[in-house]
Amino acid sequence: MRTALLLALLAAPLASAEEGQPATAEPGTRLYAGAKVGLVHVAGLTAVASRFEAGRQAWDLDLLWEPSAYLQSYSVGGAWHPLGGALYVGPRVRWLQFRAPWGRSFAAEDNHLGLSGEVGGRWLLGEGRKGMLSVSGGPTWVPTQAGTLQWMLGFSVGFAWGVAER
Amino acid sequence: MRRTLRLLVPLLALAGCGKPARDAPLALAALPGPGPGAFSSEQTLLQRSSESIQPLYAAGEDGMIDGVGGVKLHYHVVRAANPRAAVVLLPGRTEPVAKYAEVMADLHAQGYSVYALDHRGQGESGRMLPNRFKGYVEHFDDYVADLETFLDQVVRKDAPRKLLLLAHSMGGGVSVLHAAKHPGSFDAIALSAPMLDISTGAFPVPVASALSFTSCSAGDGTDYAVGSGDYAKDTDFENSSVTTSRVRWQLRVDLLEANPVMQLGGVTYRFVCESMRAVNFAQQSGARNPVPTLLLQAEADTIVLPGAQARYCAEAPGCQLSVVEGSKHEILMERDALRNEALSRVVKFFDHAVAQAGQE
């Protein structure tokens, strides 16, 4: 059952691309707000601005805060939907903090730049397609000297709701 | 000409020529030092252990002080009659200071008093979790603060003429962080296979860091990391990753079996997260350690990574890298040929540092 659901989700963008839908249903840009869970960052709050071209998903720009007392991240991500459907690829620039500034032992050296590559899907669901289910994953490179910190793998699942559009 | 020089000076500074000048590496081999037979040997170690090493250790002072958060810290002091200097000894993870009785005896025979500290959460020091086998630390900085407390409350009270530091593995990681935070606390520092970057073993780095940081982020990180568990008696000398000396390996096994209070198991996720954070700091801290430092690198080390040690030493202006060919991780517990050579380098380095400090 779960496999079937996964396959259906993966096939959705291809099907929508083939059918050329929806022609005029989407606005030019819609702003979504939502939350996500995953690893390495356990939880996050996000705002995604999605750009539609000819009614198809084209580009996204998002802000993501993944708060934690341990390894939190502030990031800006970009996404390109090459098939005009849910699937996307994109870069993410992170500001990582080993320890949150409000935690004990926070130090200036706790701040790190992180560069991520992300692959995933953002499926538009529900009435007016205002719901957005997202699944994403990818590596993050942290340009530190310590080998154990240089690469991290992340994965997340999230849901957001359209709150504004134009 | 002057104009050219005026232009060149800032360019040279930008190119790194403005870094603090490094002293020429000490030619340890050319320095006078302990002669053959100055240190204990594997052939007579068992006999010597019962006849002189353990009695010397037992005659030392045992004590407890309060570390960060009130955690009880155990220390052991072996004083020389007229000490040339005080050596503070910091062991590695899982190691009780009692394991260093042989090293203490060797340093004592060279005229040094030795002050050894059991890190929090191991040896005879207090634990932070109900399961005393779990290798855990809430903040790696607590080790550094504990060392400073030990210096203040125990070592400096004896008003040693010179203060030296000998640290192994995790103790080495603690030492370089302490040196960055409290520069000038010691006259010289000797590091044995310091933990400046850690091996994640069979786990690829991204997987290990993902597991660890997820666990630390989602909870308190008190679960054992994958592959870790409670203390289990070591029965496999042939595949030991730390030493090639059977007799020293056996002494360590016997010590832990006879003293359950000293036993420690594997690491928790929190320890892994804290260690990853700490080694990153440690690698950036070389330039902040101006103290003469001898870094002994174990050529066959599989526990800590040598690249980070070399980088640290290149950054620290007073650091000298000295590779111990063929040695596994625990250089000071290795077979005689390796251990005694390494210990000889340490004693020569300390003797030189004491003599230099005496001239200033």
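**Exercise 1. Place Thr94(B) and describe its backbone and exposure.**

Solution.
- Start with the location. In this predicted model, Thr94(B) sits in the loop between strand 3 (85–90) and helix 3 (101–109) of chain B.
- Next, the backbone. Phi of Thr94(B) is near 75°, a positive value in a residue other than glycine.
- Last, the exposure. The relative accessible area of Thr94(B) is 28%. Buried means under 20%, and exposed means over 50%. Thr94(B) is therefore partly exposed.

**Exercise 2. Gln122(B) is in contact with Thr94(B). Find where Gln122(B) lies and what else it contacts.**

Solution.
- Gln122(B) belongs to the loop between strand 4 (112–117) and helix 4 (141–155) of chain B.
- Leave aside neighbours within four places in sequence. Gln122(B) then contacts Gly92(B), Arg93(B), Thr94(B), Glu95(B), Arg127(B), Met170(B) and Leu264(B).
- The relative accessibility of Gln122(B) is 2%, so Gln122(B) counts as buried.

**Exercise 3. Is Gln263(B) buried or exposed, and which residues does it contact?**

Solution.
- Gln263(B) is in the loop between helix 7 (246–258) and helix 8 (269–284) of chain B.
- Its relative accessible area is 8%, so Gln263(B) is buried.
- Beyond four places in sequence, the contacts of Gln263(B) are Arg127(B), Arg132(B), Phe133(B), Tyr231(B), Leu256(B) and Glu257(B).
- Arg127(B) is also among the contacts of Gln122(B).

**Exercise 4. Describe the surroundings of Ala193(B).**

Solution.
- Locate it first. Ala193(B) is in the loop between strand 6 (188–192) and helix 6 (205–218) of chain B.
- Check the accessibility. The relative accessible area is 0%, so Ala193(B) is buried.
- List the contacts, not counting residues up to four places away. They are His168(B), Ser169(B), Leu296(B), Asp301(B), Val304(B), Gln309(B), His329(B) and Ile331(B).
- Take one of them, Leu296(B). Ala193(B) and Leu296(B) are 103 residues apart in sequence, but their C-alpha atoms are 5.9 Å apart.

**Exercise 5. How many residues make up the largest nonpolar core, and which have the most contacts inside it?**

Solution.
- The largest core has 111 residues.
- Those with the most contacts inside it are Val88(B), Met104(B), Phe150(B), Leu166(B), Phe213(B) and Phe350(B).
- Follow one of them. Phe350(B) contacts Val87(B), Tyr112(B), Leu164(B), Leu165(B), Leu166(B), Ala188(B) and Ala190(B), leaving aside neighbours within four places.
- There is also a second, separate core of six residues, including Tyr32(A), Phe52(A), Leu124(A) and Met132(A).
- For context, nonpolar side chains tend to be buried together in soluble globular proteins.

**Exercise 6. Describe the interface between chain B and chain A.**

Solution.
- Count the residues. On chain B, 29 residues are in contact with 24 residues of chain A.
- Take the area. The two chains bury about 2,300 Å² between them, 57% of it on carbon and sulfur atoms.
- Find the main contributors. Phe213(B), Arg277(B) and Asn280(B) supply 25% of the area that chain B buries against chain A, more than any other three residues.
- Count the polar links. There is one salt bridge, and six residue pairs are in polar contact.
- Assign the elements. Helix 4, helix 6 and helix 8 of chain B each supply at least two residues to the side that touches chain A. Helix 8 gives the most, with ten residues.
- Sort the residue types. This side of chain B has twelve nonpolar, eight polar and nine charged residues.

**Exercise 7. Which parts of the structure do three salt bridges link?**

Solution.
- Take Glu118(A) and Arg92(A). Their side chains meet at 2.8 Å, N to O. Glu118(A) is in strand 6 and Arg92(A) in strand 5 (residues 87–99) of chain A, 26 residues apart. Both are buried.
- Move to Arg99(A), in strand 5 of chain A, and Glu274(B), in helix 8 of chain B; the pair therefore joins two chains. The salt bridge spans 2.2 Å, N to O. Arg99(A) counts as buried at 3%, and Glu274(B) is buried at 0%.
- Finish with Arg248(B) and Glu102(B), at 2.8 Å, N to O. Arg248(B) is in helix 7 and Glu102(B) in helix 3 of chain B, 146 residues apart. Both are buried.
- Widen the view. Arg248(B) and Glu102(B) belong to a salt-bridge network with Arg48(B), Asp106(B), Asp336(B) and Arg339(B).

Methods:
Residues are numbered from 1 along each chain as its sequence is written. Chains are lettered from A and ligands numbered from 1 in the order in which they are written. This is a predicted model: local features need pLDDT of at least 70, side-chain atom pairs count only at pLDDT 80 or more; totals for chains, interfaces and linings use all residues. Side-chain values use heavy atoms; hydrogens and water are left out. Helices (H or I, at least four residues) and strands (E, at least two) are DSSP runs, numbered from the N terminus. Buried means under 20% relative accessible area, exposed over 50%, partly exposed in between (1.4 Å probe, protein chains only). Contact means heavy atoms within 4.5 Å. A nonpolar core is a set of buried Ala, Val, Leu, Ile, Met, Phe, Trp, Tyr and Cys residues joined through side-chain atoms within 4.5 Å. Buried area is the accessible area (1.4 Å probe) that two parts lose on being put together, summed over both. A salt bridge is a side-chain nitrogen of Lys or Arg within 4 Å of a carboxyl oxygen of Asp or Glu. A polar contact is a pair of N or O atoms within 3.5 Å; within protein, one must be able to donate a hydrogen and the other to accept it, and residues adjacent in sequence count only if both atoms are side-chain atoms. Ala, Val, Leu, Ile, Met, Phe, Trp, Tyr, Cys and Pro count as nonpolar, Asp, Glu, Lys and Arg as charged, and the others, Gly among them, as polar.
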